[in-house]
Amino acid sequence: MANIIELNQKILDFDYQVQAQDDQFPMLQVLNNAGEIIDEDALSRAELADDDLINIMKRMLWSRQLDIRSTKLAKQGRFGFFAPTAGQEASQMASSYAFKDDDWLFPGYRDIPQIVAKGWPIWKAILWSRGHAKGNEYTTEDDKPVNSWFPQIIIGAQYVEAAGVALGLKKRHKDAVAYAYTGDGGTSQGDFYEGINFASAYKANAVFFVQNNGFAISTPRTLQTAAPHLAAKGWSAGLPSLVVDGNDPIAMYLAAKQARAWSVAGNGPVLIETMTDRLEPHSTAGDDPLRYRQQADIDDWWKKEPLIRMRTFLTNKGIWNETLESAYIDETNTLIDEQIKIADGVEKQKISDFLKHTLEVPGQVMQEQIAKFESEGK
Ligand SMILES: Cc1ncc(C[n+]2csc(CCOP(=O)(O)OP(=O)(O)O)c2C)c(N)n1
Ligand SMILES: [Mg+2]
């Protein structure tokens, strides 16, 4: 009887409910801000050989170089749309390292590096940014398919698309998952809920990432939702949902690896909220972060960024040093230079080509437009 009374009191205790939401999602961290392992057990569960650790470091490094070069090119008007990635390398590159070629990637517009990591040439990514049709061919240099959807601009839409593919993979008994990335702002979209709800109801093979970088352009995370943790939204659809230090490459890899294993075993999807920061503007199209956040906050996040702590960890382990790093950065920049040249050498898209790629079966008016532009050589 006493138990029932206590239980009923608890049910009606709204203060408790609000508090409980906050308590339920502690943050997974393995490598702390100082680059020290704080959970040896988790590190061994990640089963990362020295080569893997170096590969993750290299992926994060080239992603950072690509970011730096893309930003410069954008300022020179030689890039199209670009959404900076600095600060989010662990959230993007260490998580995606846990997936396999057969897995299907569903990226958002900021997730170009994950597609490149799957074998998509950088010159195609550059053409994608310019709206060129060739930039929407998801194949490797030697024409092998890259299992990636296009970088989705419609926020959250990739979750619905991922849910469908995830169900297909399950029905075909594939040893593969769909893994999708959206942002904190993405979780305010209907598509986000529809995607996780559908995938969870059908126990589809999916891993959903929410990269919580604190802002949806200028809208701070606290104005998007009163939920203390975005991961809590996963519980509404019955998914295992966790909060991970998104600037900790080891925690990101471990969480992604275990989520993939859980999902591919037929248990349904997992949702991972990654706590990270976009250290740069929303895009290169004129956003000024100092209009909506403090420089001191940005400076603080620079101290916690993933490259610093991974560098410290690997250096202390004796498998990384400055010479290796600068040689790798040089190699990466040479590659990027070559890729820019290839992109610049591709024939410009004609207006008629652009129209031809708009609809599979163009209507009467569009057919006339295509014929008109073609006759003018445009
Ligand atoms: C459905 C939809 N609504 C609005 C926009 C305009 N928009 C582009 S990016 C963005 C912010 C998204 O923030 P978040 O999901 O946190 O991702 P982030 O840019 O921080 O990586 C908005 C509102 C859009 N692209 N799609
Ligand atoms: Mg965001």
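**Strand β4 and its surroundings**

In this predicted model, A206, F208, V210 and N212 point one way from strand β4, while V207, F209 and Q211 point the other way, and all of them are buried. A residue is called buried here if 20 or more other C-beta atoms lie within 10 Å of its own. Since seven of the seven residues of β4 are buried, the strand is largely enclosed by the rest of the structure.

What does β4 pair with? One partner is strand β3, residues 178–183, which runs parallel to β4 and is joined to β4 by six bridges. Within this pairing, Y181 has F209 of β4 as its bridge partner. Strand β8 also pairs with β4 in the parallel sense, over six bridges. Here V207 is matched with V270 in β8.

The connection from β3 to β4 involves a helix. Together, β3, helix α9 (residues 190–201) and β4 make a right-handed β-α-β unit.

Helix α5 can be read in a similar way. Eight of the eight residues of this helix, which covers residues 89–96, are buried, so α5 is largely enclosed by the rest of the structure. The buried residues are E89, A90, S91, Q92, M93, A94, S95 and S96. They pack against several elements, including the strands β4 (206–212) and β8 (270–275). Helices against which they pack include α4 (50–75), α6 (112–117), α12 (249–267) and α14 (306–317).

A wider view takes in the domains. The domain assignment gives domain 1 as 22–347 and domain 2 as 348–378. The C-alpha centres of domain 1 and domain 2 are 36 Å apart.

Methods:
Residues are numbered from 1 along each chain as its sequence is written. Chains are lettered from A and ligands numbered from 1 in the order in which they are written. This is a predicted model: local features need pLDDT of at least 70, side-chain atom pairs count only at pLDDT 80 or more; totals for chains, interfaces and linings use all residues. A residue is buried if 20 or more other C-beta atoms lie within 10 Å of its own, exposed if 12 or fewer, and partly exposed in between; C-beta atoms are placed from the backbone. Helices (H or I, at least four residues) and strands (E, at least two) are DSSP runs, numbered from the N terminus. Two residues are in contact if their C-beta atoms, placed from the backbone, lie within 7 Å. Domain bounds come from an automatic or database domain assignment. Two strands pair if DSSP finds at least two bridges between them. A crossover is right-handed if, with the strands pointing away from the viewer, the path from the first strand over the helix to the second runs clockwise.
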